[in-house]
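Visitor: I'm new to looking at protein models. Could you show me how to read one, feature by feature?

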Amino acid sequence: MPSIPPDIWAELLYDGSWNNITRDVRAVQGVSVTRGLSSESAGEAAPVEGELTLNNRDRRYAPRDPSSVIFGNGRNTPIRYGYHVGSPWAEFDGGLTYNSLFANKDVAMEVNGDFDLRIDLALEDWSESQMLALRYVPSADEAWALEIVDGILTFLWSPDGTFASRIVEEATEEVQGYNGQRMALRVTLDIDNGAGGYELRFYTGRTVNDEEWTLLGDPVVGVGTTGVFADAEYMEFGAGFTFNALPSGGVLNRMRGKAYALKLLDTGVVKVDMSTTAAEPGGLTFVDATGITWSRGGSAVLTNKHIRMSGEVPEWPVLRDKTGNESMVSISPAGVTRRMDAGNKPQDSALLRFIRASGPIECWPLTDGPTSTSGKSLNGSPDMRYSLAAGTAVPQWGDGSLATWIEPTVLLPSGSDGTLKGTTASRASDAETGWSVDFFYSGKQSMDFLIADYGDLTDADPRVGWSIELDVSANEISLVTVAVGETTSSTALQSTIASAGVFDGNLHHVRLTTEVSGSDAPFEIYVDGVLRDSGAATGYASEPVLFVRAGWFYASVSNDLPTIGYATYWGAAAQSAADVYDAATGFQGERAGARIERLAEEGGYTATTAGVTSQQRRMGIQDRKKLLELLNEASHTNFGYLVEARDRNEVIHRGQSTLWNQTPALTIDFAAGLVSSYKYRDDDLLTENDVSVKREFGAVPSRQILESGKLSVQDYPDGVGRYDKEYTYSLYTDSDAAHTASLRLHLGTYNGVRFTRLTLDLANERVFQMIDEILRADVGDLIRLTNLPSEHGPDDVDVLINGYTEVSDDRQWRITFNCVPGQPWQALVLDSDTYSRLDTAGCELAEDLDTSETGVDVTTTAVQRWVDDGTYPDEFPFDVRTGGEVMRVTACTGTTASQTFTVVRGVNGVFLQHAAGAAISLANPVHLAP
């Protein structure tokens, strides 16, 4: 029987390191943590919340007391806590320090046929290059090694044990995991594919024993058959004692993370089956399921120290009893998103954030506001000031709009004739070999931008001005060079860009780039991130920039007045024009995970993403919103989860590609008494059968309606009536709105019971036997419920974990999962044993059935009939459902719409009579994932 409370530990970060405060934890007062979404209908996750009480008799946790360990640094002190419980894992430090699990040479580990390696691990950083597993001794017995190089799984093997015959192949797609994420990796090598070559495949999964794996990238086919050298030395997981090298040479770091299991098969026969569940915490050796002895090497440790909460302590409230002798501190640690959501200031525009983070020599955003009379620089140069012809109107600060998602800039008014000029603080060394200058413009009027260099205004060193002239009447942009010396001057037209396309009143970006040279300065002109012209200014030398100036003349009244802003001066190592324009247009088309990671990094936080990059949704324009709002917006668009990491102060995004077709994290048998309490709903709370989705900054919404079926918009009994809902998403194109609306409609028309709360008593001995799986289960994971009470139906029910609350004190140790339906997240997967069969669009019984009849006549009312066993014998059996009964189809005759099934009745324990015309369909349908 597990103890109550469990073996709790806690650490506090002060004096530059983590300090053990376990002795001060009052476990009997209660320890808790809440992560993820609070309910099935919650729109987004609240910050992680914890509760912990510490003894404070010696005032150790009094930030105002000079004797306290946190004196002067109390607010937001990092804390982490958890349990020592369950099976251990091997923990590796990485770097150049040797640490591994290893098994000495054993003929049982040899592979002579097709190679199949599976490892279960959690890396601190999945993009970091490091050794994973190997059986490889250089210049002696070079068999195989699995590495990850810049996020790419890489497999090395030798057919004869020599370096000369070594073969190296890489996965065609990166492993996408958030920092610290645990997953299983698999590499298979078909040494003879029957076509004179070999085939290598990489996979990801949940455990080394998964039946269904997700192919990582494309199969890699090589020329010639091959094999893996069998007579090798010891096997290692985590690091090589004598080999840690990149395929191209150079030192490779050892693994940094956790190792749980390794399984090796030879043409389907298990040769090695190692799991650290066979070890003891703190142990030195253990024996795996195949009888092989494993030892920990170097600095590796076997530990079961679970981190259940990592956060910050915003407040240290002291509690005293009436005598004053008993002093405690009851703290409520919170996750890092609590700070992200503090205040109400929206983020700067994507353009301003990008420019600031990219380190230009100078930038005058011209976003100073309506009370301004000049434009301040970002980097300390003098303000950009205007000069006007007598009696003309002044620039209108704060009234200009380059785009709605960019800060208001300056409007150049009617009846105005003048210039805005900004001078650099000094000659920039970064521009001695070349420079670029950007201007942003929105309007339908002519104007010019002048860039002048540091020439001495002498005949020997004239001052060169580059004038970019926007001519609305000709729809052209011209580049004119002007050189002014002491007694001479010259002017030359260098370029004319016809059909400039910048006079439509929308945001446009113009860049001039030049190399500093003694004469014939080369130049490039970019418009909206695209190179439009290039050449060399014959006879003109260039130097670093002295000033930039915008000029205009608008004497007549017009409604097409231009707005300018973000005059930016870069050195030779400028950000590309395409990247600058991408930032100006709000990074449209950026993948959701990439946006989350970029935004967090710009804000000084860390965020990492799990999910296949190519399957992440593309984002629309990044608007000026609060940081957490932008992060959640990207997560919503990707139909994923945004939560704080359990074991570090980071944000993680679990993309929607990780939610489809999951291996259950937990399988809970109701009949075994594993569930302490639960809540279920069979109502219309989440029903949405008429869904409209609008793209932010987009046009007409896309509308998707379920026209027929039990949850359709038809009135009862043909449907449930109309449940309409409208959403706005940040989407790349208007066509993406249709896909999003379809997915929302799909999720909103799930016709099944919903289990919204599941509570497990971890102190229950039967439940505690699953403690390793329970403590691994996280937000977004799948739970399968079996042997449900009959009133909930005869079938298993899948749910996704939306969030959870975990509590332990002297009376209880429980975890309560908040859940949403998981069945809608079953998608079609080609070549899958479970998820590769599509349903017909409509089929019904052609006859009445009693409770025992096994020959079932059916009529397909849609276009595609069922497969018949004569043509497709390998496609049997499969399960169908009618009226709540599941039947297993073992054969099917007929090649028209009228067919006959041979079935096994009552597969789910239900035997019923059925009337002709009753619908019949796949028992476990899948869906096309967006």
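Guide: Let's begin with empty space inside. Rolling a probe the size of a water molecule over the atoms shows where empty space is left. In this predicted model, the largest cavity holds about 60 Å³ of space.

Visitor: How many cavities of 30 Å³ or more are there?

Guide: The count comes to five.

Visitor: And which residues line the largest cavity?

Guide: The lining is made of A45, A46, P47, T337, L628, N632, L642, V643, E644 and V651. Sorted by character, seven of these lining residues are nonpolar, two are polar and one is charged.

Visitor: Which elements each supply at least two residues of that lining?

Guide: Those are α5 (627–637) and β40 (641–644). The largest share, three residues, comes from β40.

Visitor: Okay, now helices. Which residues of helix α4 are buried?

Guide: Helix α4 covers residues 592–602, and its buried residues are A592, G593, R595, I596, R598, L599 and A600. For a helix, you can then look for what those residues pack against. Here the partners are α2 (350–358), β39 (607–610), α5, β40 and β41 (651–654). You met α5 and β40 a moment ago, in the lining of the largest cavity.

Visitor: What follows α4?

Guide: G604 does, and its phi is positive, near 85 degrees.

Visitor: Let's turn to the rings. How many aromatic pairs does the structure hold?

Guide: There are 30. One of them joins W405 and F697, with 5.5 Å from centre to centre and 70 degrees between the planes, so the pair is edge-to-face, as planes over 60 degrees apart count that way. This pair links distant parts of the chain, 292 residues apart: W405 sits in the loop between β26 (396–400) and β27 (409–411), while F697 sits in the loop between β44 (690–695) and β45 (702–705).

Visitor: Is W405 buried or exposed?

Guide: Buried means under 20% relative accessible area. W405 has 14%, so it is buried. F697 has a relative accessible area of 30%, so F697 is partly exposed.

Visitor: Can you give me another pair to practise on?

Guide: Try Y441 and F503, which are also edge-to-face, at 6.3 Å centre to centre and with 80 degrees between the planes. Y441 lies in strand β29 (residues 434–442) and F503 in the loop between β33 (489–497) and β34 (508–515), so this pair ties together parts that are 62 residues apart in sequence. Both Y441 and F503 are buried.

Visitor: Which residues form one aromatic cluster?

Guide: F115, W144, F155, W157 and Y198 do.

Visitor: What about charges next to rings?

Guide: Check whether a charged end sits over the face of a ring. The charged end of R186 does this with Y203, 5.1 Å from the ring's centre. K421 lies over the face of F547, at 4.1 Å from the ring centre.

Visitor: Last one: where does Q656 lie?

Guide: Q656 is in the loop between β41 and β42 (666–669). Its relative accessibility is 3%, so Q656 counts as buried.

Visitor: Now zoom out for me. What does the whole protein look like?

Guide: It has eight helices and 56 strands. Its C-alpha atoms fill a box of roughly 105 × 80 × 75 Å, taken along the principal axes. Of the 930 residues, 54% are buried. Finally, take the contacts between residues at least 6 apart in sequence: 67% of them join residues at least 24 apart.

Methods:
Residues are numbered from 1 along each chain as its sequence is written. This is a predicted model: local features need pLDDT of at least 70, side-chain atom pairs count only at pLDDT 80 or more; totals for chains, interfaces and linings use all residues. Side-chain values use heavy atoms; hydrogens and water are left out. Rings of Phe, Tyr and Trp (its six-membered ring) pair if their centres lie within 6.5 Å; planes under 30 degrees apart count as stacked, over 60 as edge-to-face and the rest as tilted. Helices (H or I, at least four residues) and strands (E, at least two) are DSSP runs, numbered from the N terminus. Buried means under 20% relative accessible area, exposed over 50%, partly exposed in between (1.4 Å probe, protein chains only). A charge sits over a ring if NZ of Lys or CZ of Arg is within 6 Å of the ring centre and within 35 degrees of the ring normal. On a 1 Å grid over the protein atoms alone, a cavity is a set of points where a 1.4 Å probe fits but cannot get out, and a pocket is an open set with protein on both sides within 12 Å along at least five of seven lines; lining residues have an atom within 4 Å of a point. Grid points are joined across faces, edges and corners, and a volume is the space filled by probe spheres set on the points. Ala, Val, Leu, Ile, Met, Phe, Trp, Tyr, Cys and Pro count as nonpolar, Asp, Glu, Lys and Arg as charged, and the others, Gly among them, as polar. Contact means heavy atoms within 4.5 Å.
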